[in-house]
Amino acid sequence: MTPRTRTRALLLRASVVAAATFCGTTVQAQAATAAAATATAAGAAGTEAAASTLSLRQVYEAAWARQPEALALQARRDAVRAQQSAAKAWTPEPAALELSNKTDRLGNNQGAREVEVGIAVPLWLPGERGRSAALADAEGAAIESRATAAQLRVAATVRDAWWQWQRARIEVGTARDQLENTRLIAADVARRAKAGDLARADQHQADGAVASAEAAVAQAEAGLAAARQHLRALAGAAPALSGAGDTLAEPDPGAAATELEAHAALQELKDRATVADRTVALTATQSRANPELMLATTRDRGARGEASQQTITLAIRIPFGAGPRFDARGANARAEATEVQAQLALERERLTAEREAARVRVEASRTQLAAAERRAQLARESRGFFDKSFRLGETDLPTRLRIEAEAAEADRQAARTRIELSAAISAWRQALGLLPQ
């Protein structure tokens, strides 16, 4: 073998090895890409499956966990506990250390010197400590009732978004059913028009009904997407667009109706009123600044060479009382108490009316559901009659399309009435102050 031939063989062998290596790398990269795509699809499917299992209670809990009131609740509880501890302390404010040093070094410099060390202790005003503790306890209860009332307000928002989403689901389902039925009619019309049994005008009319049904489906799906995004904005997650399962209504609260005075909104206002009343009582006690008790020791000498003398000082500092600042605090506290009491009376009347209206709405929804289901059943039977008559040529196409539209509307009305009954029960629970279940 000549050197030239040997070189050519070596180059050919190196090319084969490089090509094999490149192919193996490519196959590995493709396998890794396929595995990553499979994992991504599996993760998306898992996320979608997890989203599809969301219930009304889970959406509410997720929405509440995102609320500012929930995030700040623990800090507010810590603040109340600190206030309660402060009310139980021996002094209203921490004690103060006083130090002073007097000397004539910058004057005649005869060696005079005086050093004073003392402690000043603020004192509670008569009745101030007990009323401060009572106010701290009232504010602790107000924190909890405020959080409960905030939960109920979040529940109202979530319930409204949830049932809007359920209504949108019903609209999409009924619109798709109508589209499927109109397509079957259009296919039958096309077959019969091709055979010469029907005119082309009938086929155009059937195709127009299909187009109208397709537009209705698109509109319903847009409404469903908007409702779903509203839920996502509230809770950070939303049920899947498909496979969401059956709609579960909340339990009927008839047997578990709570007392009006136990409603979270009223309890919040009552606790606020208690805080305002105790603030008024405390403000009446704090008509002046806190007095101070001072204990000090003084060591001094008159001149250089003299013996130092030590004395003990016991003093009390009593500020003058009253004044515009204390009057303003008292007036503001009384105004707050009056305002809260008025709000409490108005809220009690509103909740009474809302409870009664919600109960009546539930009863009316039950009656409407019975009538709507009876109408849907009759419409379905009529559709079967006219479908058979149309296939036999005994009924014209406009009548068949009208019967189909009436049956679809009856099914839609029955489905919506079921949702409205569930929404009415949910609103009744909301008026009773019950959280989602």
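**Close-up 1. V117 and T297 face one another across two strands of the sheet.** In this predicted model, V117 stands opposite T297, a residue of strand β3. The strands in this view are β2 and β3, the latter made up of residues 292-301, and they run antiparallel to each other, joined by 10 bridges.

**Close-up 2. S100 and E116 mark a facing pair where β1 meets β2.** Here S100 stands opposite E116, which belongs to β2. Strand β2 covers residues 113-122, and its pairing with β1, again in the antiparallel sense, extends over 8 bridges.

**Close-up 3. The open sheet is shown with its strands in the order β1-β2-β3-β4.** The sheet consists of 4 strands, and the pairing within it is antiparallel. Strands β1 (96-103) and β4 (309-317) stand at the edges, and because each has a single partner strand, one side of each is left without a neighbour in the sheet. From one strand to the next, the twist averages 15°.

**Close-up 4. Helix α5 is followed from its beginning to the glycine just after its end.** This helix takes in residues 200-235, a run of 36 residues, and the distance from its first C-alpha to its last is 52 Å, which is close to the 52 Å expected at 1.5 Å a residue. Just after α5 comes G236, a residue that takes a positive phi of about 80°.

**Close-up 5. The whole chain gives the setting for the preceding views.** The chain contains 8 helices and 4 strands, and when it is read along the sequence these elements follow the pattern α-α-α-β-β-α-α-α-β-β-α-α. Of the 437 residues in the chain, 32% count as buried, while the chain as a whole exposes about 25600 Å², of which carbon and sulfur atoms supply 57%. Among the contacts in the chain with a separation of 6 or more, 81% are accounted for by residues that lie 24 or more positions apart.

Notes: Residues are numbered from 1 along each chain as its sequence is written. This is a predicted model: local features need pLDDT of at least 70, side-chain atom pairs count only at pLDDT 80 or more; totals for chains, interfaces and linings use all residues. Side-chain values use heavy atoms; hydrogens and water are left out. Buried means under 20% relative accessible area, exposed over 50%, partly exposed in between (1.4 Å probe, protein chains only). Contact means heavy atoms within 4.5 Å. Accessible areas come from the Shrake-Rupley method with a 1.4 Å probe; for residues, only the protein chains shown count as cover. Two strands pair if DSSP finds at least two bridges between them. Axes are lines fitted to C-alpha atoms, for helices over the stretch in contact, and angles run from 0 to 180 degrees between N-to-C directions. The expected span of a helix is 1.5 Å times one less than its number of residues.
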